[in-house]
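Reader: I'd like to walk through this protein with you, one question at a time. Could you keep the answers short and put the value or name I ask for at the end?

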Amino acid sequence: MDEKMVKEIKETVIFLLISIVVVFALNSGLKVALHTDSPLVIVVSGSMEPVFHRGDVVLLKGVTPNEIKIGDVVVYKRPFTKYPIIHRVRGIEEYNGEKCFVIWGDNNFIHDFYPTPEGEIPCVPGSAIEAKALLVFPKIGYIPMEIKEKLGLA
């Protein structure tokens, strides 16, 4: 192996290591700054079209139920589902003394139901909401999403 090739390999390895450190630091910094464990999520369904499309990456901010208003796009975890759901708040109600949000995707025709021990309810409890959308980066998550799906990791 000649000296030029060795130099190129070293530079490539250094670039990859620096890239990994920067991505890790950026992700960790966003977690702290935005008060959420998942500051960036990839949209995996078409339920929010035309606002968000499959493969868009959404920047999220952790919120409390009192910070959520009608019209906000929020992310919540629903029991028995693999991925968090990102849909729009259409109404605010009360259920068992807790704020409960009527939510559905912009491309859906009915609100989301939420399973409870007493049965499904027509709103999402505030305790299930993890974050709200701040910004969208169109299509930058499409390739990683496709790779994960093809490998059966999604």
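Reader: How much of the protein counts as buried?
Author: This is a predicted model, where local features need pLDDT of at least 70 and side-chain atom pairs count only at pLDDT 80 or more, while totals for chains, interfaces and linings use all residues. Residues are numbered from 1 along each chain as its sequence is written, and side-chain values use heavy atoms, with hydrogens and water left out. Buried means under 20% relative accessible area, exposed is over 50%, and partly exposed lies in between, using a 1.4 Å probe and protein chains only. Of the 154 residues, the buried share is 34%.

Reader: In what order do the elements run from the N terminus?
Author: Helices (H or I, at least four residues) and strands (E, at least two) are DSSP runs, numbered from the N terminus. There are two helices and nine strands to place. Reading along from the N terminus, you get α-β-β-β-β-β-β-β-β-β-α.

Reader: Why is the protein called more spread out than a compact globule, and what is its radius of gyration?
Author: The radius is taken over C-alpha atoms, and the globule rule is 2.2 Å times the number of residues to the power 0.38. For 154 residues that rule gives 15 Å, and the protein is well over that, so it counts as more spread out than a compact globule, with a radius of gyration of 20 Å.

Reader: What does the C-alpha trace span along its principal axes?
Author: Let's put that beside a pair of residues. The C-alpha atoms of Gly-91 and Val-13, 78 residues apart along the chain, are separated by 52 Å. Those of Glu-146 and Val-13 are 133 residues apart along the chain and separated by 26 Å. The span of the whole trace is about 70 × 30 × 30 Å.

Reader: What share of the contacts with a separation of 6 or more comes from residues 24 or more positions apart?
Author: Contact here means heavy atoms within 4.5 Å. Among contacts in the protein with a separation of 6 or more, residues 24 or more positions apart account for 54%.

Reader: Which two residues form a disulfide?
Author: A disulfide is a pair of cysteine sulfur atoms within 2.5 Å, and by that rule the count is one. The sulfur atoms in question are 2.0 Å apart. The link is right-handed, with 95° about the S-S bond. The pair is Cys-100 and Cys-123.

Reader: Where does Cys-123 sit, and is it buried or exposed?
Author: The disulfide links distant parts of the chain, with its two cysteines 23 residues apart. Cys-100 is in strand β5 (residues 98-104), and it is buried at a relative accessible area of 0%. Cys-123 is in the loop between β7 (119-121) and β8 (124-125). At a relative accessible area of 2%, Cys-123 is buried.

Reader: Which residues does Gly-91 contact, leaving aside neighbours within four places in sequence?
Author: Gly-91 is part of strand β4 (residues 85-95). Its relative accessibility is 12%, so it counts as buried. One of its contacts is a disulfide cysteine, Cys-100. The full list is Ile-70, Cys-100, Phe-101 and Val-102.

Reader: Is Lys-132 buried or exposed?
Author: Lys-132 belongs to strand β9 (residues 129-137). Not counting residues up to four places away in sequence, it touches several others, including Leu-59, Val-63, Glu-67 and Asp-72. Its relative accessibility is 16%, so the verdict is buried.

Reader: What about Glu-146, buried or exposed?
Author: You'll find Glu-146 in helix α2 (residues 142-150). Its relative accessibility comes to 18%, so it counts as buried.

Reader: Which residues does the cis peptide bond join?
Author: Most peptide bonds are trans. This one has omega at about 10°. Pro-50 lies in the loop between β1 (40-42) and β2 (57-62), and the bond joins Glu-49 and Pro-50.

Reader: What is the phi of Asn-96?
Author: Most residues other than glycine have a negative phi. Asn-96 is in the loop between β4 and β5, and it is exposed with a relative accessible area of 66%. Although it is not a glycine, its phi is positive, at about 50°.

Reader: And what is the phi of Lys-139?
Author: Lys-139 is in the loop between β9 and α2. At 45% relative accessibility it counts as partly exposed. Its phi is positive in a residue other than glycine, near 65°.
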